[in-house]
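Could you take a look at this model with me? My notes follow as numbered points, with the cut-offs given where each term comes up.

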Amino acid sequence: MNKATHIGSTLDDFLVEEGLLDTANALAIKRVLVWAIAQEMATKGLSKTVMAQAMNASLIDLEQLLNPDNTEITLQMMDRAAIALGKRLKIELVEAD
């Protein structure tokens, strides 16, 4: 019996061809970060108002941070969220595949 083989390009290849790979990667990273922040807020029972106060930020700033489609968030804002949750932001540079 013949095994099915992969025919065609990968999703990454397609995204590169369309010029969308960087945007897709940024959105994926942001969505993971938003999910992690929301989970920590829920675990700690923090409302958005309390979280914004702990970050010394406005509620609008927090809403932008928690918007998974907004990739225009500064590292400083992400770090302030981590600190407010008793966490540390860790960013690392890894080898490309």
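**Notes on the fold, the pocket and a few residues**

1. Of the contacts in the protein chain between residues at least 6 apart in sequence, 51% link residues at least 24 apart, where contact means heavy atoms within 4.5 Å. This is a predicted model, in which local features need pLDDT of at least 70 and side-chain atom pairs count only at pLDDT 80 or more, while totals for chains, interfaces and linings use all residues. Residues are numbered from 1 along each chain as its sequence is written, and side-chain values use heavy atoms, with hydrogens and water left out.

2. The protein chain has 5 helices and 0 strands, in the order α-α-α-α-α from the N terminus. Helices (H or I, at least four residues) and strands (E, at least two) are DSSP runs, numbered from the N terminus. Out of 97 residues, 21% count as buried; buried means under 20% relative accessible area, exposed over 50%, and partly exposed in between (1.4 Å probe, protein chains only).

3. You may like the largest pocket, which holds about 810 Å³ of space. A pocket here is an open set of points on a 1 Å grid over the protein atoms alone, where a 1.4 Å probe fits, with protein on both sides within 12 Å along at least five of seven lines; lining residues have an atom within 4 Å of a point. Its volume is the space filled by probe spheres set on the points, which are joined across faces, edges and corners.

4. Which residues lie nearest the centre of the largest pocket? They are Ile-29, Lys-30, Leu-33, Lys-90 and Ile-91, out of 24 that line the pocket. Helices H2 (21–44) and H5 (75–84) each supply at least two lining residues, and H2 gives the most, with 10. The lining has 15 nonpolar, 2 polar and 7 charged residues, with Ala, Val, Leu, Ile, Met, Phe, Trp, Tyr, Cys and Pro counted as nonpolar, Asp, Glu, Lys and Arg as charged, and the others, Gly among them, as polar.

5. H2 also packs against helix H4 (residues 59–66), at an angle of about 125 degrees and with the axes 9 Å apart. Axes are lines fitted to C-alpha atoms, for helices over the stretch in contact, and angles run from 0 to 180 degrees between N-to-C directions. The two helices, H2 and H4, are therefore oblique to each other (under 35 degrees is roughly parallel, over 145 roughly antiparallel, 65 to 115 roughly perpendicular, and the rest oblique). Lys-30, Val-34, Ile-37 and Met-41 of H2 meet Gln-64, Leu-65 and Leu-66 of H4. By class, that contact has 5 nonpolar, 1 polar and 1 charged residues.

6. Glu-72 sits in the loop between H4 and H5 and is exposed, at 69% relative accessibility. Its C-alpha is 9.6 Å from that of Lys-30, although Glu-72 and Lys-30 are 42 residues apart in sequence.

7. Gln-53 belongs to helix H3 (residues 48–54) and is exposed, with a relative accessible area of 58%. Between Gln-53 and Ala-84 there are 8.9 Å, C-alpha to C-alpha, and a sequence separation of 31 residues.

8. Please check Asn-56, in the loop between H3 and H4. Phi of Asn-56 is near 55 degrees, a positive value in a residue other than glycine. Most residues other than glycine have a negative phi. Asn-56 counts as exposed, at 66% relative accessibility.
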